[in-house]
Amino acid sequence: MKQTTTESRPVLTGLKRGELESLVAQLGEKPFRAKQLEKWIFDKAVRAIDEMSDLSKAFREKLTAETVLSPHQVIETVSSRDGTTKFLIRLADGQSVECVTIVQDRHLTACLSSQVGCNVGCPFCATGLSGFRRNLSVAEIVDQFLIMQHAIRQGALKAFSDHDHLSNIVFMGMGEPLLNYEPLMGAIEILNRQAGIGLRRITISTSGIIPGIEKLMQEARDYNLAISLHSAKPEVRDTLVPINRKYKVDQLLELAGRYAEHTGRRITFEYTMLAGHNASAEDAKALATALRGIHCHINLIAYNPVDSPYQAPPRAEIEAFQNILVKAGYPVTIRHNHGQDDMAACGQLRLYSDEQLLKMVEA
Ligand code: SF4
């Protein structure tokens, strides 16, 4: 698929291997140049064609005239105390997306967005509340990764981590990845084959788009799947994750069980804890019952309040919830995410309010 800017030149960061090879041939260069180009774009993550020092000057000039390496610009970055760093990126048409590098003990994880905004409409999520604007292209998804990889290679996270590159990817940023299926798959192909991120290190997080999960099951490759569940009770989930009115939780969990069996991969269930809504002992028991028989792991996430009336429950309540699940035999992790501390669920890695974002974009 051709990735273009508003001026219709191909965007190099969105080209798959075969497309890069065709481009190189069109520009009258030898086939091995495609490999060199690929290394500069996806491995070294350079941000300027002129930095590709083993390409001839004439080839670089042709590339500069005929293509765009990337039309996307970093507007703002902000790091939390643990080094987790948010990047706000302006796209070619003036829209903006966020992506995050999460610092963990053993690796650096890229949390990528798949859409500008989101139309799933979860009421506790600032992305959902701001509505859907558009899908991201392959280049716009891949480039979030490359922008962060470049910053890391330049030493941006040296104070927080010994790692000098991203090794894991989670699609948990803005948007519902399975509602932007083809660009998502195109981006994963590039990130896997050209940027070298193993499929086992890539996780797709969904709010529960049943046709998308079914499609994933038909793919030749097995993908890690995370499901933002947030409640096992249909009436509660109808409110917290409105897509539940269309794709019911019982059907979703039945499919999740089949997905885990089919792929041999453990499903991660993300459960954002919202005081007074889904955090009681009764909610924990309902969850334990609903997940029975599914090869899974549960992440409990203390809510990160942004632009909404929801609150995280006290720590003791979260631990009591965890204990019920552990006693029922589930592996459970508590993530005390305050928007910056660890991998969370979609909509939970925001460091800015929408008002702040708007001001930055307008500035
Ligand atoms: S929580 Fe995720 S699925 Fe729900 S509105 Fe926010 S980005 Fe969309």
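**Figure 1. E270 of strand β10 faces N299 of strand β11 in this predicted model.** E270 stands opposite N299. Their strands, β10 and β11 (residues 296-302), run parallel and are paired over seven bridges. Between the two strands the chain passes through helix α10, residues 281-290. This β-α-β crossover is right-handed.

**Figure 2. Strand β9 pairs with β10.** β9 covers residues 224-228. Three bridges join β9 to β10, and the two strands are parallel. One of the contacts to look for is A226, whose bridge partner in β10 is T268.

**Figure 3. Strand β10 is largely enclosed by the rest of the structure.** The strand spans residues 267-273. Seven of its seven residues are buried, so the rest of the structure largely encloses β10. Side chains alternate in direction. I267, F269, Y271 and M273 point one way. T268, E270 and T272 point the other way. Both sets are buried. The second set includes T268, the partner of A226, and E270, which stands opposite N299.

**Figure 4. F124 and Y303 form an edge-to-face aromatic pair.** The model has four aromatic pairs. In the pair of F124 and Y303, the ring centres are 6.0 Å apart and the planes meet at 85 degrees. The two residues are 179 residues apart in the chain. F124 lies in the loop between β5 (115-117) and α4 (126-129). Y303 lies in the loop between β11 and α11 (315-327). F124 has a relative accessible area of 2%, and the cut-off for buried is under 20%, so F124 counts as buried. Y303 is buried too, with a relative accessible area of 1%.

**Figure 5. F124 also pairs with Y310.** The ring centres of F124 and Y310 are 6.3 Å apart. Their planes lie at 85 degrees, so this pair is edge-to-face. The pair links distant parts of the chain, 186 residues apart. F124 sits in the loop between β5 and α4, and Y310 in the loop between β11 and α11. Both residues are buried. Together, F124, Y303 and Y310 make up one aromatic cluster.

**Figure 6. Lysine charges sit over aromatic rings at K39 and K215.** The charged end of K39 sits over the ring of W40, 5.6 Å from the ring centre. At the second site, K215 places its charged end over the ring of Y181. Here the distance to the ring centre is 4.4 Å.

How values were computed
Residues numbered from 1 in each chain as written. Predicted model: local features only at pLDDT ≥ 70, side-chain atom pairs only at ≥ 80, totals over all residues. Heavy atoms only, no water. Buried < 20%, exposed > 50% of the residue type's maximum accessible area, 1.4 Å probe, protein only. Helix = DSSP H or I, 4+ residues; strand = E, 2+ residues; numbered from the N terminus. Pairing = 2+ DSSP bridges. Right-handed = clockwise from strand over helix to strand, strands pointing away. Phe/Tyr/Trp six-rings, centres within 6.5 Å; stacked < 30°, edge-to-face > 60°. Lys NZ or Arg CZ within 6 Å of the ring centre and 35° of its normal.
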